[in-house]
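Reader: Please choose one part of this structure and take me through it closely, giving the cut-off behind each term as it comes up.

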Amino acid sequence: MIAADTRSPEPGSDRNRDLDRRLAEYELLLEIGVKLSGTLDLATVLETALETAEAVCRAETSSIWDVDEEKQELFFRVVRGRAAGEIRDLRVPIGQGIVGSVARTGVAEVVNDVATDARWHGDPKGFKTRAILTVPLLVQGDVIGVLQLLNPVGRDRFMEGDLRRMSLFAGILAPPLQNARLYAAQQRQFLKMVTALAETIDKRDPYTGGHVRRVVGYSILLGAELGLDRALLEDLRFAATLHDIGKIVVPDRILGKPAPLDREEVDVMKRHPVDGAEIVSHLANPAVLVGVRNHHERIDGKGYPDGLSGDDLPLVARIIAVADTYDAMTTSRPYRNGLPPEQAAAEILGSVGTQLCPYVVAAFRSLFERGSFTLAASESVLRSVYEPASHH
Ligand SMILES: [Fe+2]
């Protein structure tokens, strides 16, 4: 092991210029600290973290390792740079290798010639590691992750100053990272609970089993195709999960009727968006609420309960309407068979501008035409949206 190299002077001969540069770097770290402490979005925290680390100590690859408590292993949360593809799936037991030993000791290290380090296990194909800077992310003395930079750019070794700056940065980064993780875990838990509740109500309708799950899948496909940002996709997912929650107050004899509903029954059924929005009014934000309340509106204003039309109709509601309509058409009922997908798609395209929003239907069309309007496709979209991604 070679400890942080303290012998070489920092590059740059002009002392003032050097000081200015360092001040600018510390200023950047502070700025990032302020920015990070204000966000709970895990993906943003991670991305900002690595961008900053690279800006301050230029390196070929940077990564953040996460701790798998159960398996006592480290795995990549984010990887940036050239080797991202090759090393993404790597897992390292705590205590093994350079990164594993930093995770165990909680002490930052620079190894400037990995080949001479006994802990070094060699490179994956296509990448050559020369030097590694490894800093633990500590919260109240516990290692919650590891920040790593590989191969300094334009120099052959990491310096003492790099280690100092990254240690400082790790101290700034760890608490917001931990907060964002806890928040994400809490959100997942909440979503699970809400999904369980929605599916319980879904099961009361014996003919449409799995409706909620499918509407969530289709909605997320449409939302992603329309390029919605993460926060809006999150709202959309909640709203789609909860869209029919108001059916909890619809009597079984109506919900489970094996025949078309009569007029009075239709009126009872039509109350579910309003009841649903009321039920979730204390749980959900406004975008989720309108998704629940307005998923049976029509773009021409002839829907219910509010008769909203055009741009007054919130996008989340317009998306759920397309997903809901498609699923209703492709699902069989005792008194009618579900349509084959192509026919349902044709109906969707035919109701543009009257029932459904042209903008959302255009997204539906391009997904459908390339064979991507499927639940299998929605699974991978859900995964890529909700798990902080690795970067190339
Ligand atoms: Fe509904």
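Author: Strands β5 and β6 form a hairpin with two residues between them, and Q140, which sits in the turn, has a positive phi of about 50°. The strands named here (E, at least two residues) and the helices (H or I, at least four residues) are DSSP runs, numbered from the N terminus, and two strands are said to pair if DSSP finds at least two bridges between them. The structure is a predicted model, in which local features need pLDDT of at least 70 and side-chain atom pairs count only at pLDDT 80 or more, while totals for chains, interfaces and linings use all residues. Residues are numbered from 1 along each chain as its sequence is written.

Within the hairpin, β5 and β6 run antiparallel and are joined by eight bridges, and the partner of I132 across one of them is L150 in β6. Strand β6 also runs antiparallel to β1, to which seven bridges join it, and there W65 stands opposite V146 of β6. Eight of the eleven residues of β6 are buried (20 or more other C-beta atoms, placed from the backbone, within 10 Å of the residue's own; 12 or fewer make it exposed, and anything in between partly exposed), so this strand is largely enclosed by the rest of the structure.

The hairpin belongs to an open sheet of six strands, whose order is β3-β2-β1-β6-β5-β4 and whose pairing is antiparallel. Its edges are formed by β3 and β4, each of which pairs on one side only. On average, and with direction ignored, neighbouring strands of this sheet are turned by 25° against each other, where axes are lines fitted to C-alpha atoms (for helices over the stretch in contact) and angles between N-to-C directions run from 0 to 180 degrees. Towards the β3 edge, β2 and β3 pair in the antiparallel sense over three bridges, and L74 has V92 of β3 as its bridge partner.

Helices also pack on the sheet. Helix α4 touches β1, β2, β3, β4, β5 and β6, and its direction makes about 30° with that of β5, where a contact between two residues requires C-beta atoms, placed from the backbone, that lie within 7 Å. Helix α5 packs on the sheet as well, touching β4, β5 and β6 and making about 35° with the direction of β5. In α4, which spans residues 97-105, the buried residues are I98, V99, G100, V102 and A103, and their cover includes β1 (59-68), β2 (73-81), β3 (91-93), β4 (109-111), β5 (132-139) and β6 (142-152). Just after this helix, G106 takes a positive phi of about 75°.

From α5 (residues 160-204) the path leads on to α1 (residues 15-37), since the axes of these two helices come within 9 Å and cross at roughly 10°. They are therefore roughly parallel, the word used for angles under 35 degrees, with over 145 called roughly antiparallel, 65 to 115 roughly perpendicular and the rest oblique. On the α1 side the meeting residues are E25, L29, I32, G33, L36 and S37, and on the α5 side R165, L168, F169, I172, L173 and P176. By class this contact has eight nonpolar, two polar and two charged residues, with Ala, Val, Leu, Ile, Met, Phe, Trp, Tyr, Cys and Pro counted as nonpolar, Asp, Glu, Lys and Arg as charged, and the others, Gly among them, as polar.

Helix α1 has a further contact, with α2 (residues 42-56), where the axes come within 11 Å and cross at roughly 180°, so that these two helices are roughly antiparallel. Here E25, L28, L29, I32, K35 and L36 of α1 meet V45, T48, T52, A55 and V56 of α2, and the residues of the contact divide into seven nonpolar, two polar and two charged.

As for the wider setting, the domain assignment (bounds from an automatic or database source) gives domain 1 as 15-182 and domain 2 as 205-386, and the C-alpha centres of the two lie 43 Å apart.
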